[in-house]
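Please open the model in a viewer and keep the sequence panel visible. The tour proceeds by selections.

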Amino acid sequence: MSFVTSPSGRRMKGYLPDYYETSRVMDSILQAQGAELDQLRVSLEETLQQFFVSSATWGLDAWEAELGIATVPDKPDDQRRAVIHAKLRGVGTVTVELLHSVASAYERGAVEVTQQPALYQFTVRFVDTLGTPPNLGDLQAAIEEIKPAHLQVVYQYKYFLLNQLHQTMTIKDLQTRKMTDFAPFIPVS
């Protein structure tokens, strides 16, 4: 009976001659070496994940340091990844497409970007989020970093209007919602 439970140890045992099949000494050696190889495989796979922003965990610090982003370890990993993605996307001539690409790196970052050249401004309107989106401060910082200094940015948020409810919500439903969910689009600078 074999005592080798390590997948790598069992694989190595398959390469040995049959007379080692009943050897407890060889089973112990293969179990010990196999466990180390199994741990090495896990460590290598985990390290490989750090090379990609979308799967990085402990490697986010290195990504942030490389891109000159202040590390905030208390921030959730998905928000840290969004900042890194935005920084990576925010390279080149500033266009509506670039601003759109940077904003889409953030959670619920579907936006419409419109230009108002005569006013020296552009508007970022959130289309898939009610109220203010999570991680808004990071998005604003990313846009502020890539936009030309002479342009102003205006943010618009989407809210429910009472006339949009069409009697689908009860009074009880209305009482559980924040009042800000029912305000119209209001430019916020």
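The stops below cover the strands first and then two helix contacts.

The model is predicted, so that local features need pLDDT of at least 70 and side-chain atom pairs count only at pLDDT 80 or more, while totals for chains, interfaces and linings use all residues. Residues are numbered from 1 along each chain as its sequence is written, and side-chain values use heavy atoms, with hydrogens and water left out.

**The hairpin**

Select strand E1 (111-116) together with strand E2 (residues 121-130). Helices (H or I, at least four residues) and strands (E, at least two) are DSSP runs, numbered from the N terminus. E1 and E2 pair in the antiparallel sense over six bridges; pairing requires that DSSP finds at least two bridges between the strands. Within this pair, valine 113 has valine 124 of E2 as its bridge partner.

Next, select tyrosine 120, located in the loop between E1 and E2. The hairpin has four residues between its strands, and tyrosine 120 takes a positive phi near 55° there. That is a positive value in a residue other than glycine.

**The parallel pair and its crossover**

Keep E2 and add strand E3 (residues 152-158); the two run parallel and are joined by six bridges. Phenylalanine 122 is bridged to valine 153 in E3, and threonine 123 to valine 154. In a regular strand the side chains alternate between the two faces of the sheet.

Now add helix H6 (residues 136-146), which with E2 and E3 makes a right-handed β-α-β unit. The term right-handed applies to a crossover if, with the strands pointing away from the viewer, the path from the first strand over the helix to the second runs clockwise.

**H5 against H6**

Retain H6 and select helix H5 (residues 96-104): the two axes come within 10 Å and cross at roughly 155°. Axes are lines fitted to C-alpha atoms, for helices over the stretch in contact, and angles run from 0 to 180 degrees between N-to-C directions. H5 and H6 are therefore roughly antiparallel to each other (angles under 35 degrees count as roughly parallel, over 145 as roughly antiparallel, 65 to 115 as roughly perpendicular and the rest as oblique). Which residues of H5 and H6 make the contact? Leu98, Leu99, Val102 and Ala103 of H5 meet Leu139, Ala142, Ile143 and Ile146 of H6, where contact means heavy atoms within 4.5 Å.

**H3 against H4**

Finally, select helix H3 (residues 60-67) and helix H4 (residues 77-89), whose axes come within 10 Å and cross at roughly 30°. H3 and H4 are therefore roughly parallel to each other. Display the side chains of Leu60, Asp61, Trp63, Glu64 and Leu67 in H3, which meet Asp77, Arg80, Arg81, Ile84, Lys87 and Leu88 in H4.
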